[in-house]
Amino acid sequence: MMYKKRNRRRLRNNDFTVIASNCSGMFMYYDLELPYLTPTVNLSVEMNDFVKMVRNLRWYMEQEMVEVEGGSICPVGMLGDIKIHFIHYASFEEGANKWSERKKRMNWEKLFIVGSEKDGCTYETIEEFEELPYKNKVIFTHIEYPEFSSAFCIKGFENRDELGTITLFKDQGLKRRFLDDFDYVQYINNMG
């Protein structure tokens, strides 16, 4: 609680849009007690699809969400040729309605693109992410990639093939999540 309160006091920029491949972006809004100015809440997009989507974000935001029947444990929609997994929604309708409602709130002048080295992410995917035409972007990785300025290594997953769930709490005395290793408040404050 103290950590979250300190972050809220430090925040100077509160009208930004986080487009994230998974729930990491939602936790930033939640912790800072801000409205979700993004459609990417409570869902996941495989990294190769995510890179494709943000490469042409305006076009994808204009597409209609279409339900995909069966084959998944959670509701799934298609946004053009991008598969959206509504992992924390009870139905496709609920997820699609929230998507439509929240995409109208986007601040196109202050976009923050957040990826994660998981869900099919390869070295080539990270290269493509690095080349995306966004100033404000980060991809959380399980190992160091000094050759990529947008890569931020989250410690604790070095012995895995990909990044684990960074919204979980670390096994330590302080109640901190893996995500908290990245100072997203400072990053958001410095967005141009």
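Welcome to a short tour that starts at helix H5, where Phe 92, Gly 95, Ala 96, Trp 99 and Arg 102 are buried. These residues cover an arc of only 140° around the axis, which puts them on the same side of H5. Please keep in mind that this is a predicted model. From H5 we move to the antiparallel sheet E2-E3-E4, then to the parallel sheet E1-E5-E6-E7, and we finish at Thr 141 in strand E6.

**Helix H5 and its surroundings**

- H5 covers residues 92–103, and at 1.5 Å a residue its 12 residues should span 16 Å. The C-alpha atoms at its ends are 16 Å apart, which agrees with that expectation.
- The buried residues of H5 pack against two helices, H3 (47–55) and H4 (57–61). They also pack against the strands E2 (65–68), E3 (76–79) and E4 (82–85).
- H5 lies across E2, E3 and E4, and runs at about 160° to E2.

**The antiparallel sheet**

- Three strands make up this open sheet, in the order E2-E3-E4 and with antiparallel pairing.
- E2 and E4 are the edge strands, each pairing on one side only.
- From one strand to the next, the twist averages 35°.
- E3 and E4 are joined in the antiparallel sense by 4 bridges. For a place to look, try Met 78, whose bridge partner in E4 is Lys 83.

**The parallel sheet**

- The other open sheet has 4 strands in the order E1-E5-E6-E7, and here the pairing is parallel.
- E1 and E7 (151–153) stand at the edges with a single partner strand each, so one side of each has no neighbour in the sheet.
- Neighbouring strands of this sheet are turned by 25° against each other on average, direction ignored.
- Helix H2 (residues 24–31) packs on the sheet, where it touches E1, E5 and E6, and its direction makes about 150° with that of E1.
- H3 also packs on this sheet, touching E1, E5 and E6, with its direction at about 160° to that of E5. This is the H3 that the buried residues of H5 pack against.

**A closer look at strand E1**

- In a regular strand, side chains alternate between the two faces of the sheet.
- In E1 (residues 17–20), Thr 17 and Ile 19 point one way while Val 18 and Ala 20 point the other way, and all are buried.
- E1 runs parallel to strand E5 (residues 111–116), and 4 bridges join the two. Ala 20 has Val 114 as its bridge partner in E5.

**Thr 141 in strand E6**

- Thr 141 belongs to E6, which covers residues 137–141.
- This threonine has a relative accessible area of 0%, and because buried means under 20%, Thr 141 counts as buried.
- The side chain of Thr 141 reaches the backbone oxygen of Ile 143 at 2.7 Å.
- Leaving aside residues up to four places away in sequence, Thr 141 touches Glu 117, Ile 126, Ala 151, Phe 152, Cys 153, Ile 154 and Leu 163.

Technical notes:
Residues numbered from 1 in each chain as written. Predicted model: local features only at pLDDT ≥ 70, side-chain atom pairs only at ≥ 80, totals over all residues. Heavy atoms only, no water. Expected span 1.5 Å × (residues − 1). Buried < 20%, exposed > 50% of the residue type's maximum accessible area, 1.4 Å probe, protein only. Arc of directions from axis to C-beta. Contact = heavy atoms within 4.5 Å. Polar contact = N/O pair within 3.5 Å; in protein donor to acceptor, adjacent residues only side chain to side chain. Pairing = 2+ DSSP bridges. Axes fitted to C-alpha atoms, helices over the stretch in contact; angles between N-to-C directions.
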